[in-house]
Amino acid sequence: MLVLMESSRSTPLFVMSSFHASQNVARRVGHLQVKGCGYLQVLCKQNFVLSFGKETLQTTAVTPQFQKNMDYADFIYLNILEKKVLNNSEVSVQYLCSKPCIVSLEAVASSEFRTGVPVYRRRWKDEKNLYVSRTRQVHLKFPSIMVYRDDYILRNSIIVHSVILYAWISHKSASNYDDEQNEDYQAAVAKNYTFLEAVPPFERPYKDHKVCLQWGADYLWMLQANRIPQCPHESDLERLYFADGVQVLDFIYASSGEKTGIVKKFEQFENKELETVRQHQIDYPMFTVSIWLYLLHHCEKDLCGILYFIDSKEMYGTPAVFLNEEGYVHIQMHLMRGDDLAVKTSFSLPLKQWFRLDLSFKGGQIEVSSVGKNLKRHHHQSFTEDFYYDDTAGYFVLGGSGYVNGIEAFFGPVKYYRLNVLETEQISNPLHDKDTVEQIELYYERCMDIQEIVYDYRYIVKQGEKTHRSCYYESYYLELMHKYGEKSKCDAFMWGKELREKYHTLFKLLQEMDFSSPDVVEDGSDTVIEVGQRIFEKVVKGLSSANGLSNLGSSVPLLVDSSCCGYHKASYFLAVIFETGLGVPVDRVKGLLYSLVGAQGNERLSVMNLGYKHYQGINNYPLDLELSYAYYSNIAIKTSLDQHNIKGEQAFVETIRLMDDELLKAQTKENGDVFMWLKHEATRGNAAAQQRLAQMLFWGQQGVAKNPEAAIEWYAKGAIETEDPVLIYDYAIVLFKGQGVKKNVKLALELMKKAAAKGLPQAVNGLGWYYHNFKRDYRKAAKHWLIAEELGNPDASYNLGVLYLDGIYPGVSGRNQTVAARYFYKAAQGGHIEGTLRCSVYYITGNMEDFPRDPEKAVIWAKHIAEKNGYLGHVIRKALNAYLELSWHEALLHYILAAETGIEVSQSNLAHICEERPEYQGRKAYLKMGDFYYYGYQNQSKDLELSMRMYAQAALEGDSQGFFNLALVIEEGNSIPSYILDHLEIDQALHSSNTSLLQELYYRCWNNSNQESISPCSLALLYFYMRVLWNNVLHSTLIYFMGTFLLSILVAFAVQSFQSLSARNSSGRRSGPLSHDVPSSLGNDSEDATRPVQQDEPTLSNDLSQQESNSQNPLVTS
């Protein structure tokens, strides 16, 4: 099967030195200065000096006061004390008219999306007061969405960038006053303007609507008074102003250093103002990223990914943050002119301690800080180049990807301040899970001691052997003693008593081990892993014995030592033990610790366990599809590679249910009836028997141990004797690849052509693979693959996609990712592993037109491939073999290990064992299986009755949680079947009602728990009694009597109070005018002439004046 590596073109070259600034590169600062003109761009071009109310060139020339009476020049001035956009702001208008005139005021607002929108108009006529300077006070009124903050009624306040208040005088007759207001400001005889400062939305006051809401609406208003709706993955204006970033990662992620990581994608802002700000920052980036890390090793070679952006063309963008071999941070940026720029920090990152890495980008300046417990390192770098930064034109990656390996570390919380630059002290990104963080530190501190002990012990034993070896050949007796006698060990410890007591089990095991064995390699680190493996094998052997699970608690220290030695199968064992409470109390923190440690150490089942928990959001793991994909894609990639490796503890993943008797009967071994019959038929030349026998031996299927060498013998025999095209093809493949046999390309090609001539689609595809890999003849390769694809071969579809992806398809110039993706999708539909994996990448990144981003679909596709992993199949096979051999403890143990990875068939088989052999299972497993059937996962639908059976069994085992769960089932309105009640020895005649049954279950729950402390059972029982008491009170006659009595007292008190109040008002009333101020309908004489024609209207053009009543019609419209 053809699998090609990623094209090298996808990874840009790192530039380690700064470039000279281009002469034509426009600086962002200058750009901002031009943009600052906005609506007043015309004024800027004319070099007008803008002033807030002072005389400018736009103000009509004014003669001194002693000349005004002689020249009678019209003028108008504006004077505002507080130049802000506030409701009822007072403006003083001083003007002089030489002829009958109309004085006009108009406020014009501008935003990012619209300019020159009138929001206030007022005008008045003055015909009598000519040649006299007059002053008039005007109260400005603006639309509520401009001056008030959002509340329950006013939902969409707007951002206004500038407001200009214009004033002008026009010489017009009174008859023209009622005409449409189309006076031209530029043609006025006198004019002036001033600027008003806009108030940010969240600095504005709330509006007093002076309305009485219904009780429900008022209550909702109070609940939402200080809550602003948040758009997903974006900060709204308040969060932007107060520097509250986006939480990219909120749970610890174990990065194993592989080519997988967390993919995050950001969309454009739904808020138009924010989106405009973001687009303005494309060539002048302003953002901050804060990352918590626990780094285990520096990069082994080249660079390892921390956080980087990949654009729509699959090229690195800004930022690209990597770790190098020396521990320094390598930061790469993409420039506006198209090339890249890179810089290295002056400090290296610390190992095996939690620290926070903060990166801030502001235009051409980069700030990098590393903040630890008692340590702060800082790096500043300035450039004269313009960076290109568009966080919506691609996706971010934390860790590894198809282009670079990730760091070996644990990622803590990651925060992204999308439009803000913050100092280190301003960043709010705390480590939330303190317990797990501390456990990780303590674990690696302990492991450093253990690894040092193992390494030193092995060194001492080896040195002792070298000393004795010089005497072996001088004395035949000594040589025999060395060969058959007691092996070398170290009795004279160089370690202190305290250390020996702390790790006494480890020292005891080391003394029992034979370090002179040829299996123990010379390399120190590999020796430590070898010791861990031996410890683990010893523990597993004990657990697989008849009463092994009962002594599981005593095996935990040994498993911890094995885990510390780097053998992470032990880490996964510990994770399952602590998470399920198998032989020990449930400890979620330690369960999470060893799951993370195992996943970081690349233990496949640990990685799948984390992927499954985050996919389902169970066991206190947050539902996080991107995090789940990071784990599942890791195993999916390994599955693709593992299938080409015939070595290792792998087996074909088979779906065999323990309740399926037919499938169980078909299971066999090398001495079993089924295998012996197949072997007999194969020897006689039966092609079907030869094919099935070879498959069983090659993949380890149907209970047969994996034996590739024996399988190849049957492939060869069938290919030569039977002329079966499938056998010929399979034998040709192993000859091409040299799997279990010496490579023979010539013979393989002959056999492949022979199988293709018989019309086998796989063989036709194989010929194309030969021409591609060995002859580099892409034309012939494409020809054969097109034929094979028409015959329905998914491998051919995938290979055609590879040709288009690499840009080597005959007759087509350049790469065509779109066509390649379509071929990959077709291959995936046919079950092709690599095709499915590529499609999952497209769905998680959303970078392909035909594959819109869908993290859930990406997880499902990656999970589908991960569950085919051969190492997982090996665990399931061991469980099945143990079950067939009636080794219940071993079967139970391995089915639990597989079930925790989310494999449905293992979960189902585990439940079957619980039912079939209840004496071999603890109560915690019953509870877990009860939850499994209660919620229903994946292919297992919800089964409430079976769930209650499991809870009841746990209750009979003495677990109070079983009674508690049964009570909750009744609380939800369900009923417990009578046979389960009989099994619990609950008399249905005495407990016929749900109330009586609940009381009995809660009482048994409390009776089986710790009665000396407060427990959920005691609280539930207390709450139950309180509910019963309250219901009894509400239904008693006493409550009606007390209510009537209290109501009578309240009525009598109200009548008496009203009578006394009336008497006081009568005695205190006096004659004369009313004491209250009554608004007069008349005004002063000077105002009387203008009042009838005065208009005061807070308006917005295009019916924007109605926005206050219609909150869905904002001022700023695109």
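Modeller: A disulfide is a pair of cysteine sulfur atoms within 2.5 Å. This is a predicted model, where local features need pLDDT of at least 70 and side-chain atom pairs count only at pLDDT 80 or more, while totals for chains, interfaces and linings use all residues. Residues are numbered from 1 along each chain as its sequence is written, and side-chain values use heavy atoms, with hydrogens and water left out.

Biologist: How many disulfides does the structure hold?

Modeller: Cys97 and Cys101 form one of them. Cys299 pairs with Cys304, and Cys447 is joined to Cys564. The number of disulfides in the structure is three.

Biologist: Is the disulfide of Cys97 and Cys101 right-handed or left-handed?

Modeller: The sulfur atoms of Cys97 and Cys101 lie 2.0 Å apart. The torsion about their S-S bond is about 75°. Therefore this disulfide is right-handed.

Biologist: Is Cys304 buried or exposed?

Modeller: Buried means under 20% relative accessible area, exposed over 50%, and partly exposed in between (1.4 Å probe, protein chains only). Its partner Cys299 has 5% relative accessibility and counts as buried. Cys304 has 8%. So Cys304 counts as buried.

Biologist: How many residues apart are Cys447 and Cys564?

Modeller: Helices are DSSP runs (H or I, at least four residues), numbered from the N terminus. The disulfide of Cys447 and Cys564 has an S to S distance of 2.1 Å and is left-handed, with -65° about the S-S bond. Cys447 is in helix H8 (residues 434-472), and Cys564 is in helix H13 (residues 552-564). The pair links distant parts of the chain, and the separation is 117 residues.

Biologist: What is the relative accessible area of Cys564?

Modeller: Its partner Cys447 is buried, at 3%. Cys564 is buried too, and its relative accessible area is 1%.

Biologist: Which cysteine has the nearest sulfur to Cys565?

Modeller: Cys565 is buried, with a relative accessible area of 2%. Cys565 is in no disulfide. The nearest cysteine sulfur is 7.1 Å away, and it belongs to Cys564.

Biologist: How many salt bridges does the structure hold?

Modeller: Side chains of opposite charge can pair when their charged atoms come close. A salt bridge is a side-chain nitrogen of Lys or Arg within 4 Å of a carboxyl oxygen of Asp or Glu. The number in this structure is 23.

Biologist: Which residue forms a salt bridge with Glu275?

Modeller: Glu275 lies in helix H7 (residues 272-280), and its partner is three residues away, about one helical turn. Both residues are buried. They also belong to a network of salt bridges that includes Asp390, Asp391 and Arg418. The closest N and O atoms are 2.7 Å apart, and the partner of Glu275 is Arg278.

Biologist: Which helix holds Glu789?

Modeller: Lys826 and Glu789 meet in a salt bridge (3.0 Å, N to O). Lys826 lies in helix H27 (residues 817-829), so the pair ties together parts 37 residues apart in sequence. At 42% relative accessibility Lys826 is partly exposed, whereas Glu789 is buried at 13%. The helix of Glu789 is H25.

Biologist: How far apart are the closest N and O atoms of Arg1004 and Glu1000?

Modeller: Arg1004 and Glu1000 lie in helix H37 (residues 994-1007), four residues apart, about one turn of the helix. Arg1004 is buried at 19%, and Glu1000 is buried at 18%. They form a salt bridge, and the distance between the closest N and O atoms is 2.9 Å.

Conventions. Helix = DSSP H or I, 4+ residues; strand = E, 2+ residues; numbered from the N terminus.
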